[in-house]
Amino acid sequence: MFLENTVNQKEQFGWIEVICGSMFSGKTEELIRRLKRAKFARQRVEIFKPNVDVRYDEEMVVSHDSNEIRSTPVPAAANIPILADNCDVVGIDEAQFFDDEIIKVCNDLANRGVRVIVAGLDMDFKGNPFGPMPALMATAEYVTKVHAICTRTGNLASYSYRKAKSDDLVLLGENEEYEPLSRAAFYKAMLREKVKTMDVKDPKEIPTKKQA
């Protein structure tokens, strides 16, 4: 379990914490847990999320198991510094949906003395690094990678396999659209998809050397 850093009153700098992982791994749950602890300590807390994420609620940050905390939806990362004035702690959910400006925003906030807690998918549905998350992980003081359980093998899952037929990078969804898979299960699932798209001819249609 992540334990909060002890604040050094002589150093007027904050820090960045990143919580990353696949779908259904508990990222938002961990984000909410840390933010509620900060609120209990009577710290000034603000939470933000991209306004495209309205799966559960337009204003609440909600985990898959219905744990929630009130947030402010914003259209772009540039809106966050203005709204986060005089905060001790800033939480940001679904950071992968923001543009690269979120990297500068988080570092500027930390340099102003703010504790910044960011949660997001580290990989997209193809298994590639997702948006600004790699840079956020690189510049963060603390990175926590959480895991789901693979629905096919029971092993730890790091990949978000998309079951829905869409190639859009951003596709909001739940267990009808996605399932968490281990490396082996994800590789096999992607391989099966690739085979389906291949134009494989009937062996009888392939000319022999003599016919050629």
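1. Start with the greasy spot on the outside of this predicted model. Y187, L191, V195 and M198 come together there as a nonpolar surface patch, and their accessible area adds up to about 420 Å².

2. M198 is worth a closer look. This residue sits in the segment after α5. Its relative accessibility is 49%, and M198 is therefore classed as partly exposed, since the exposed label is kept for values over 50%.

3. There's a charged patch to find as well. K165, K188, R192 and K196 make up a positive patch on the surface. One of them, R192, belongs to helix α5, which covers residues 183-197. With a relative accessible area of 45%, R192 also comes out as partly exposed.

4. Now turn to strand β2, residues 45-50. Is this strand mostly enclosed or open? Five of its six residues are buried, so the rest of the structure largely encloses β2. Buried here means under 20% relative accessible area.

5. Who are the neighbours of β2? Strand β6 (residues 89-92) is one partner: the two run parallel and are joined by four bridges. If you want a place to check this pairing by eye, go to V45, which stands opposite V89 in β6.

6. Strand β5 (residues 72-74) is another partner of β2, again running parallel, with three bridges between them. For a spot to look at in this pairing, try K49, whose bridge partner in β5 is P73.

Terms used: Residues are numbered from 1 along each chain as its sequence is written. This is a predicted model: local features need pLDDT of at least 70, side-chain atom pairs count only at pLDDT 80 or more; totals for chains, interfaces and linings use all residues. Side-chain values use heavy atoms; hydrogens and water are left out. Patches are made of residues with over 30% relative accessible area and no salt bridge: like charges are joined within 9 Å, nonpolar side chains (Val, Leu, Ile, Met, Phe, Trp, Tyr) within 5 Å. Accessible areas come from the Shrake-Rupley method with a 1.4 Å probe; for residues, only the protein chains shown count as cover. A salt bridge is a side-chain nitrogen of Lys or Arg within 4 Å of a carboxyl oxygen of Asp or Glu. Lys and Arg count as positive and Asp and Glu as negative; His and the chain ends are not counted. The place of a charge is taken as NZ of Lys, CZ of Arg, CG of Asp or CD of Glu. Buried means under 20% relative accessible area, exposed over 50%, partly exposed in between (1.4 Å probe, protein chains only). Two strands pair if DSSP finds at least two bridges between them.
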